[in-house]
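Q: I should like to learn how the features of a two-chain model are read from its coordinates. Could we work through them in turn?

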Amino acid sequence: MNFPILSSLIILPTIGAIFILFGRSSSNYNAAKYISLFVSLANFILSLYLWYVFDKDISGFQFVEERVWLEGIINYKVGIDGISILFVILTTFITPLCIISVNSTITNRLKDFLIAILIMQTMMIGVFCSLDLVIFYLFFEAGLIPMFLIIGIWGGERRVYSAFKFFLYTLLGSVLMLVAIISIYWITGTTDVIELYQVGIDAKFQNLLWLAFFSSFAVKTPMWPVHTWLPDAHVEAPTAGSVLLAAILLKMAGYGFIRFSLGLFPIASEYFVPLIFSLSLVAIIYTSLIALMQEDMKKLIAYSSVAHMGFVTMGIFTMTPEGIEGSIFQMISHGIISAALFLCVGVVYERMHTREISKYGGIVSVMPRYSVVLMVFTLGALGLPGTTGFIGEFLILLGTFKVNFMVATIASLGVILGAAYMLWLYRRVVFGEITNNEVNKLLDLNKSEMIILSVLAIVSILFGFYPDPLLSTTSASVEDLIDLFNMNLNIYTAGTL
Amino acid sequence: MNLDLIFPEIFLSLAIMFLLMVGVFKKKSERLVYNLSTTTLIILLALVINLFSINEILIFNQSYKIDTLSTFMKSITIISAIFVMISSFTYIKTLDILKIEYPILILSAILGMMVMISSNDLIVFYLGLELQSLALYVLASFNRDNILSSESGLKYFVLSALSSGLLLYGCSLIYGFSGSTNFTFISSLTSNIENGVIFGLVFIIVGLAFKISAVPFHMWAPDVYQGSPTSVTLFFAALPKVAALTVFIRFLYIPFVNLIDNWQTIIVFISISSMIFGAVAAIGQSNLKRLIAYSSIGHMGYALAGLASGTNQGVQSSVTYISIYLVMTLAFFSCLFMMRKKNIFYEKIEDLSGLSSNHPILSICLLIVLFSLAGIPPLAGFFAKFYIFMAVIEQSMYFLAIVGLLSTVVAAFYYLRLIKIIYFDKPKESFEKDHRIGLKVTLAISTGILLLYFIYPGFLNDLVSRIVLI
């Protein structure tokens with residue numbers, strides 16, 4: 001047994017949190033900040049090392065660790081393949097940036113905030129690594145606690161309402177998944193994902209089980225019509241909270257669709273494709289239209305997230321290599337770009353204490369650097385070639401065209417709407433006359449903001465021009481997943497004939 | 001002779017009489033008696049654990065049973081009683097109810113519970129139940145200058161007497177139609193069971209449901225919980241439920257296991273209605289003790305859901321559930337005991353407002369307890385529910401599982417409301433911060449268990465998996 005690198009990734013942030021909790025320096029916030037920054041950077045480097053030693057040509061799970069946890073029922077089992085490693089790296093990449101960004105935004109209880117973020121990181125990495133359904137559920141649900149506190153304690157005016165809505169919506173979706181997980185245990189005798197891939201689940205149970213998993217993932221994605229918690233949560237959460245929520249939490253569901261819905265219930269997945277496609281299309285078109293009408297910058301970006309995740313779910317259920325790889329790429333890309341956009345909103349919110357679009361206008365003359373950075377991310381969000389956003393959307397549409405021409409055509413309209421609301425947002429905020437005197441007093445980006453945003457911009461452009469490192473990491477695993485999917489489907493169709 | 005097997009009970013009875021003498025003949029001996037009682041419990045625990053190696057022995061003409069279930073349940077009863085004693089001392093002293101009778105009544109109630117837990121005969125069971133109940137009536141009204149306390153004592157007495165009457169009626173029906181009061185004998189009646197026995201069974205289920213405050217026999221719980229002194233409420237919320245649940249298990253799984261088709265529907269109904277009612281009714285409460293009363297009604301619903309499955313796994317999950325429930329109750333009440341300001345104990349929900357800014361550690365403890373009560377992983381409360389639903393779904397009782405899990409979402413709402421008040425609201429004047437070491441230790445141990453349970457869940461599981469009834 002080698003060094004348990006995945007468990008270290010999972011446990012390291014929590015150890016950092018414990019250090020901060022018991023640190024003597026209750027008044028000295030800097031110590032807490034440095035500890036958390038150090039821990040999260042160490043985790044990032046560890047995950048890069050993981051990527052380095054990760055073998056891209058093997059499609060199966062690597063670095064698998066297994067320990068007996070609850071005799072005979074549940075084993076603690078973690079491992080990664082080409083799909084999950086990218087999400088792990090995304091998590092470890094975004095968290096340090098969040099921690100740097102809290103510099104000035106969080107004034108009270110900074111220590112508690114950092115503890116919450118670090119524990120959140122443990123849970124998020126755990127979700128992407130776990131290879132046992134129960135362990136997955138544990139991490140998936142446990143993440144609710146820190147996020148509830150982040151929104152509730154450090155959020156805006158309507159924080160209580162948003163925190164409750166976030167928590168209860170997600171919990172309601174997840175409890176049905178718990179029923180499904182336990183049912184799978186009694187049907188097959190195991191909750192081990194690798195074993196379940198091989199054993200397969202009886203076709204007559206698949207539809208109900210699929211729906212139970214769907215109820216949880218649909219809320220988390222979020223898909224229309226259960227997306228309403230997201231704008232509230234985003235608007236009220238502090239900047240770092242919004243970033244974590246948009247960049248990583250939403251990806252848990254997309255990851256869950258790929259890993260569990262496709263992997264465990266191929267027949268049901270095939271059966272429910274029309275449902276997913278129609279919900280995704282509604283999400284893409286309807287929420288894009290809503291985004292056009294928003295007065296609040298954060299809300300606009302939140303609705304755009306729903307639309308982007310609509311593309312992701314559509315791509316996943318095309319069951320084509322292009323579609324799934326595109327979805328994974330789109331999730332990573334959205335993770336980077338939406339994080340950056342929320343940080344950008346945070347920057348001006350901190351200075352003006354308003355997110356209303358009409359209060360801004362003409363900030364290009366006072367904040368030139370900010371305007372350039374925002375431009376990069378606006379273009380990224382609308383999918384301009386040369387940014388990560390383009391490659392994801394392009395691959396997804398390519399996959400969809402193969403499967404269903406109509407759906408792809410309608411979804412392409414969504415791309416145009418996306419360009420419309422993002423560019424209009426940019427025009428209203430950055431260009432035009434300065435109508436609000438406050439805008440004249442704005443200061444341009446300071447050093448730490450510059451660092452965070454330029455790192456994100458570089459990554460976004462880099463992978464936009466050269467997506468190969470990401471795509472080649474995932475391709476073997478995705479193809480393996482599709483093979484498995486088709487094989488199961490063939491067995492079933494052969495059986496019914 | 002089999003006396004060594006009931007040595008714990010004999011020891012406890014002698015200790016009670018001895019302590020009564022001490023109290024009578026020695027002036028101002030309240031403190032001494034209190035401490036001696038705690039010591040008695042610790043010794044008693046050692047004596048009971050000593051019996052853990054015994055798998056199953058019937059003594060006294062098969063009317064008294066020592067098995068793994070009884071030893072485990074007695075152990076957790078005594079352990080929680082010890083923590084109840086050491087955590088509530090300041091409270092009792094401040095309320096000026098530190099009299100010699102108080103610890104002695106608690107010991108008598110525990111003696112009654114031990115007899116109940118081990119009973120293998122309807123008469124022995126009834127004796128234990130009455131010994132326990134009589135002690136509890138007095139304890140409920142122990143703060144006799146307080147009108148609420150007197151009211152709660154009276155209410156508990158009247159309603160409990162009614163339920164005891166129903167129980168006794170059920171017992172006599174069973175005796176009349178089966179010819180014996182012995183559980184083992186009744187279980188041997190396999191063929192042509194008469195309707196009278198089934199009627200008796202229903203009456204006994206009703207009586208027991210009253211004792212563990214399951215819907216629709218829960219009406220006494222909120223008033224009694226609120227009116228009694230908090231230390232007694234803690235005792236009510238924790239210990240009698242263990243004893244009554246044990247009798248429930250024994251009763252349904254030994255004499256009437258063949259009648260599972262008859263009692264399963266009743267238990268499922270009681271369980272579902274308790275879960276839903278406990279979740280919904282707690283939302284509007286403003287008093288913490290009342291709230292925890294409704295919450296405990298809900299929790300009993302989950303414990304019964306395990307029983308309803310009719311399997312060994314179901315029994316084990318119920319036993320696990322009640323053990324973790326005890327820890328959560330202890331932790332919650334320890335927090336309540338800490339809400340003290342100038343010798344007044346606060347118990348309103350709004351008194352918690354903004355607690356986190358003045359009492360960070362107490363708030364984190366409450367946070368852990370509340371999330372655990374709500375059943376959010378990775379805290380112990382989640383595992384308790386997880387085992388229950390494992391057992392329920394094994395029997396394909398999906399309706400019960402889904403209703404149960406949906407009511408956890410409703411219940412999560414009021415736990416979250418408390419967390420909101422503690423963490424998101426404006427702070428009030430802070431409470432006193434000096435507490436006796438016993439209270440601090442209780443809180444630290446109980447929240448520690450809740451938080452770290454997930455690291456090694458096998459510990460409790462190994463113990464509980466030795467309980468095999470069928």
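Q: Among contacts in chain A between residues at least 6 apart in sequence, what percentage join residues at least 24 apart?

A: This is a predicted model. In chain A, 79% of the contacts between residues at least 6 apart in sequence join residues at least 24 apart. For chain B, residues 24 or more positions apart likewise account for 79% of the contacts with a separation of 6 or more.

Q: How many helices and strands are there in chain A, and what does its radius of gyration say about compactness?

A: Chain A has 21 helices and two strands. Its radius of gyration is 22 Å, close to the 23 Å that the globule rule gives for 497 residues, so chain A is as compact as a globular protein of that length. Taken along the principal axes, the C-alpha atoms of chain A fill a box of roughly 75 × 60 × 40 Å. Buried residues make up 58% of the 497 residues in chain A.

Q: What are the corresponding values for chain B, beginning with its helices and strands?

A: Chain B contains 20 helices and four strands. The radius of gyration of chain B is 21 Å, close to the 23 Å from the globule rule for 470 residues, so chain B is as compact as a globular protein of that length. Its C-alpha trace spans about 70 × 60 × 40 Å along the principal axes, and buried residues make up 56% of the 470 residues.

Q: How many residues of chain A are in contact with chain B, and which helices of chain A supply them?

A: The contact joins 23 residues of chain A to 23 residues of chain B. On the side of chain A that touches chain B, helix H5 (133–142), helix H6 (144–154) and helix H7 (159–188) each supply at least two residues. H7(A) gives the most, with 13 residues. By class, this side of chain A has 18 nonpolar, two polar and three charged residues.

Q: Is H5(A) mostly covered or mostly open?

A: H5(A) is mostly covered, with 10 of its 10 residues buried. Among them are Leu133(A), Phe136(A), Tyr137(A) and Glu141(A). What covers the buried residues of H5(A) includes strand S2 (74–80), H4, H6, H7, helix H8 (193–199) and H11 of chain A.

Q: How is the packing of helix H4 and helix H11 of chain A to be read, and at what angle do they pack?

A: Two packed helices are described by the angle between their axes and the distance between the axes. In chain A, helix H4 (residues 110–129) and helix H11 (residues 239–264) pack at an angle of about 15°, with their axes 10 Å apart. That angle makes H4(A) roughly parallel to H11(A). H4(A) passes H11(A) in a left-handed crossing.

Q: Which residues of H4(A) and H11(A) meet?

A: An α-helix has 3.6 residues a turn, so residues three or four places apart point the same way. Ile117(A), Met120(A), Met124(A), Val127(A) and Phe128(A) in H4(A) meet Ala240(A), Leu244(A), Ile248(A), Met252(A) and Tyr255(A) in H11(A). By class, this contact has 10 nonpolar, no polar and no charged residues.

Q: At roughly what angle do the axes of helix H15 and helix H17 of chain A cross?

A: The axes of helix H15 (residues 321–352) and helix H17 (residues 388–403) of chain A come within 7 Å and cross at roughly 155°. H15(A) is therefore roughly antiparallel to H17(A), and their crossing is left-handed. The residues that meet include Gly323(A), Gly326(A) and Ser333(A) in H15(A), and Gly389(A), Gly392(A) and Gly399(A) in H17(A). The residues of this contact divide into seven nonpolar, 10 polar and three charged.

Q: Turning to single residues of chain B, where is Ile388(B), and does it count as buried or exposed?

A: Ile388(B) is placed in helix H17 (residues 380–394) of chain B. It counts as buried because it has 30 C-beta neighbours inside 10 Å. Ile388(B) and Ser317(B) are 71 residues apart in sequence, and their C-alpha atoms are 5.1 Å apart in space. Leaving aside neighbours within four places in sequence, Ile388(B) is in contact with Tyr302(B), Ala305(B), Gly306(B), Ser317(B) and Tyr321(B).

Q: Where is Asn146(B) found, and how many C-beta neighbours does it have inside 10 Å?

A: Asn146(B) is in the loop between helix H6 (122–140) and helix H7 (147–178) of chain B. With 16 C-beta neighbours inside 10 Å, Asn146(B) counts as partly exposed. Asn146(B) and Gly227(B) are 81 residues apart in sequence and 8.5 Å apart in space, C-alpha to C-alpha.

Methods
Residues are numbered from 1 along each chain as its sequence is written. Chains are lettered from A and ligands numbered from 1 in the order in which they are written. This is a predicted model: local features need pLDDT of at least 70, side-chain atom pairs count only at pLDDT 80 or more; totals for chains, interfaces and linings use all residues. The radius of gyration is taken over C-alpha atoms; the globule rule is 2.2 Å times the number of residues to the power 0.38. A residue is buried if 20 or more other C-beta atoms lie within 10 Å of its own, exposed if 12 or fewer, and partly exposed in between; C-beta atoms are placed from the backbone. Two residues are in contact if their C-beta atoms, placed from the backbone, lie within 7 Å. Ala, Val, Leu, Ile, Met, Phe, Trp, Tyr, Cys and Pro count as nonpolar, Asp, Glu, Lys and Arg as charged, and the others, Gly among them, as polar. Axes are lines fitted to C-alpha atoms, for helices over the stretch in contact, and angles run from 0 to 180 degrees between N-to-C directions. Angles under 35 degrees count as roughly parallel, over 145 as roughly antiparallel, 65 to 115 as roughly perpendicular and the rest as oblique. A crossing is left-handed if the near helix is turned anticlockwise from the far one by less than a right angle, and right-handed if clockwise.
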